[in-house]
Amino acid sequence: MLINFQQPDSWGHGNNWDKYLEGTKLTDNYIYLLFELLRANEFYKDQTTVFVTNDHGRHLDGHKDGFVSHGDNCEGCRHINFYAYGPDFKENAIIDTPAELIDIPVTIGELMGFTMEGSEGRVMTELFK
Ligand SMILES: [Zn+2]
Ligand SMILES: [Zn+2]
């Protein structure tokens, strides 16, 4: 399942910093509620993998229009957060091995038992126990 949250990206493009922060907090809360559900449900508990990431960064302050836009090769646009949670992964580990978006589907394939023929992505083995 893929859940794509509209915020905070839309408010960022709207150049509304307060709403951008509000959208970030709202999305954080949705993710919290999802984790509460997964931890409480006997079927999903300890058997579910969750990745939380963003599909792009944003321009850094002072570069073009700052947080309002994204899509070039600046440092802010090229870096994203990636959080991996599940029974196969190390706990409480901060990993700084560089990875790319194309590594995510390949890693999902590893978890689900299929390979991504033709993909140049790699399995993010550094996440695994
Ligand atoms: Zn956008
Ligand atoms: Zn940029």
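How are the donor residues of the zinc ion (ligand 1) spaced in sequence? Let me start there, with the reminder that what we are looking at is a predicted model, and the spacing in question is D-x3-H-x56-H.

The atoms behind that pattern are Asp 9 (OD), listed twice, together with His 13 (NE2) and His 70 (NE2), and they coordinate the zinc ion (ligand 1) at 2.0 to 2.4 Å. Asp 9 sits in helix H1, whereas His 70 is found in the loop between S1 and H3, so this pair ties together parts that lie 61 residues apart in sequence. The angles among the 4 donor atoms run from 56 to 147°, and the site of the zinc ion (ligand 1) is irregular. As for accessibility, Asp 9 is partly exposed at a relative accessible area of 24%, and His 70 is also classed as partly exposed, with a value of 26%.

Before going to the second metal, let me give you the overall frame. The protein contains 4 helices and 2 strands, and, read from the N terminus on, these elements follow the order α-α-β-α-β-α. Its C-alpha trace spans about 40 × 35 × 25 Å along the principal axes. There are 129 residues in the protein, of which 26% count as buried, and, if we take the contacts between residues at least 6 apart in sequence, 51% of them join residues at least 24 apart.

Now to the zinc ion (ligand 2), which is coordinated by His 59 (ND1), Asp 72 (OD), Cys 74 (SG) and Cys 77 (SG) at 2.0 to 2.2 Å. Why is the arrangement around this ion called tetrahedral? The 4 donor atoms around the zinc ion (ligand 2) subtend angles of 100 to 121°, and four donors count as tetrahedral if all angles lie between 85 and 135 degrees. The donor residues here are spaced H-x12-D-x1-C-x2-C along the sequence. His 59 and Asp 72, which are 13 residues apart, both belong to the loop between strand S1 (50-53) and helix H3 (75-78). His 59 is buried, since its relative accessible area is 6%, while Asp 72, at 24%, counts as partly exposed.

From the metals I would like to turn to the aromatic rings, where the count comes to 10 aromatic pairs. One of them is formed by Phe 5 and Tyr 30, whose rings are stacked, with 5.8 Å centre to centre and 10° between the planes. This pair links distant parts of the chain, given that Phe 5 is in the segment before helix H1 (9-13) and Tyr 30 is in helix H2 (residues 17-40), 25 residues apart. Phe 5 is partly exposed at 29% relative accessibility, and Tyr 30 is likewise partly exposed, at 40%. A further pair, Phe 43 and Tyr 44, is edge-to-face, and here the centres are 5.1 Å apart with 80° between the planes. Phe 43 is exposed, at a relative accessible area of 62%, whereas Tyr 44, at 38%, counts as partly exposed. Ring pairs also link Phe 51, Phe 82, Phe 89 and Phe 128 into a cluster.

Two members of that cluster, Phe 89 and Phe 128, bring us to the interior. Which residues make up the largest nonpolar core? It has 6 residues, namely Ala 84, Phe 89, Ile 104, Met 124, Leu 127 and Phe 128. As general background, nonpolar side chains in soluble globular proteins tend to be buried together. Within this core, Leu 127 is a useful residue to follow: leaving aside neighbours within four places in sequence, Leu 127 is in contact with Phe 82, Ala 84, Asp 88, Phe 89, Lys 90 and Ile 95.

Let me finish with Glu 126, which lies in the segment after helix H4 (103-112). Is Glu 126 buried or exposed? Glu 126 is buried, because its relative accessible area is 15%, and the cut-off for buried is under 20%. Its side chain is joined to that of Arg 122 by a polar contact of 2.9 Å. Not counting residues up to four places away in sequence, Glu 126 touches Lys 90, Ile 95 and Thr 97.

Definitions and conventions:
Residues are numbered from 1 along each chain as its sequence is written. Chains are lettered from A and ligands numbered from 1 in the order in which they are written. This is a predicted model: local features need pLDDT of at least 70, side-chain atom pairs count only at pLDDT 80 or more; totals for chains, interfaces and linings use all residues. Side-chain values use heavy atoms; hydrogens and water are left out. Rings of Phe, Tyr and Trp (its six-membered ring) pair if their centres lie within 6.5 Å; planes under 30 degrees apart count as stacked, over 60 as edge-to-face and the rest as tilted. Buried means under 20% relative accessible area, exposed over 50%, partly exposed in between (1.4 Å probe, protein chains only). A nonpolar core is a set of buried Ala, Val, Leu, Ile, Met, Phe, Trp, Tyr and Cys residues joined through side-chain atoms within 4.5 Å. Contact means heavy atoms within 4.5 Å. Donors are N, O and S atoms within 2.8 Å of the metal (3.2 Å for Na, K and Ca); water is not among the atoms, so sites may look incomplete. Four donors count as tetrahedral if all angles lie between 85 and 135 degrees; four count as square planar and six as octahedral if opposite donors are over 155 degrees apart and all others between 65 and 115; anything else is irregular. A polar contact is a pair of N or O atoms within 3.5 Å; within protein, one must be able to donate a hydrogen and the other to accept it, and residues adjacent in sequence count only if both atoms are side-chain atoms.
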